[in-house]
Amino acid sequence: VEKRLELVKQVSHSTHKKLTACLQGQQGVDVEKKSVRSPSKKLPLTTLAQCMVEGAVVLGDESLLGKMLKLCGETQDKLAQELIFFELTIEKDVIEPLYDLAEVNVFFFSFICSNSENLKY
């Protein structure tokens, strides 16, 4: 019984630590680290999911906590992947075009306008 309680304590501590990291947010995370195709560079949400699944393996499928951790870990992983995909889509479809509009197109138009003033008819 004491060994089992120690396992539960270890899994709970590890999961708590990863969950706390998730709640601190993802500010300052590089775009490269948000890649769906790059599992070696994990975000806090995917690390939490992995921790839950690993905890489920440690506790085993016969325990209620193990089953719960497995289900929550799998669900958390799906949510993390959706969030990554959403953020990458927003960056590609919204942020990059806004940057192009603000920096590239405005510069181009101001250049044309300044050159057209120099033209004499």
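Reading from the N terminus, the elements of the protein chain go α-α-α. That makes three helices and zero strands, all in a predicted model. Helix 1 covers residues 2–23 and helix 3 covers 64–118, with helix 2 at residues 44–59.

Now the chain as a whole. Of its 121 residues, 21% count as buried. The exposed surface comes to about 9400 Å², and carbon and sulfur atoms supply 63% of that. As for contacts with a separation of 6 or more, 59% of them join residues 24 or more positions apart.

Helix 2 is a good place to zoom in. Does its length come out as expected or not, and why? With 16 residues at 1.5 Å a residue, helix 2 should span 22 Å, and its end C-alpha atoms are indeed 22 Å apart, so the two values agree. Its buried residues are Leu45, Thr46, Leu48, Ala49, Cys51, Met52, Gly55, Ala56 and Leu59. A bit of background helps with reading that list: an α-helix has 3.6 residues a turn, so residues three or four places apart point the same way. Just after helix 2 comes Gly60, which takes a positive phi of about 90 degrees.

Which residues make up the largest nonpolar core? There are nine in all: Val11, Cys22, Leu45, Leu48, Met52, Ala56, Leu59, Leu69 and Ala80. Helix 1, helix 2 and helix 3 are the elements that give two or more residues to this core. Helix 2 gives the most, with five residues. In soluble globular proteins, nonpolar side chains tend to be buried together.

Ala80, one of the core residues, touches Leu45 and Thr46, leaving aside residues up to four places away in sequence. Leu45 is in the core as well, and both Leu45 and Thr46 are on the buried list of helix 2.

On to charges. How many salt bridges turn up in a search of the whole structure? Just one is found: the side chains of Lys92 and Asp93 meet at 3.7 Å, N to O. Here is how the two partners sit relative to the surface:

| Residue | Relative accessibility | Class |
|---|---|---|
| Lys92 | 53% | exposed |
| Asp93 | 46% | partly exposed |

The cut-off matters here: exposed means over 50%, so Lys92 at 53% counts as exposed, whereas Asp93 at 46% counts as partly exposed.

Conventions: Residues numbered from 1 in each chain as written. Predicted model: local features only at pLDDT ≥ 70, side-chain atom pairs only at ≥ 80, totals over all residues. Heavy atoms only, no water. Helix = DSSP H or I, 4+ residues; strand = E, 2+ residues; numbered from the N terminus. Expected span 1.5 Å × (residues − 1). Buried < 20%, exposed > 50% of the residue type's maximum accessible area, 1.4 Å probe, protein only. Core = buried A, V, L, I, M, F, W, Y, C linked by side-chain atoms within 4.5 Å. Contact = heavy atoms within 4.5 Å. Areas by Shrake-Rupley, 256 points an atom, 1.4 Å probe, with all protein chains shown as cover. Salt bridge = Lys/Arg side-chain N within 4 Å of Asp/Glu carboxyl O.
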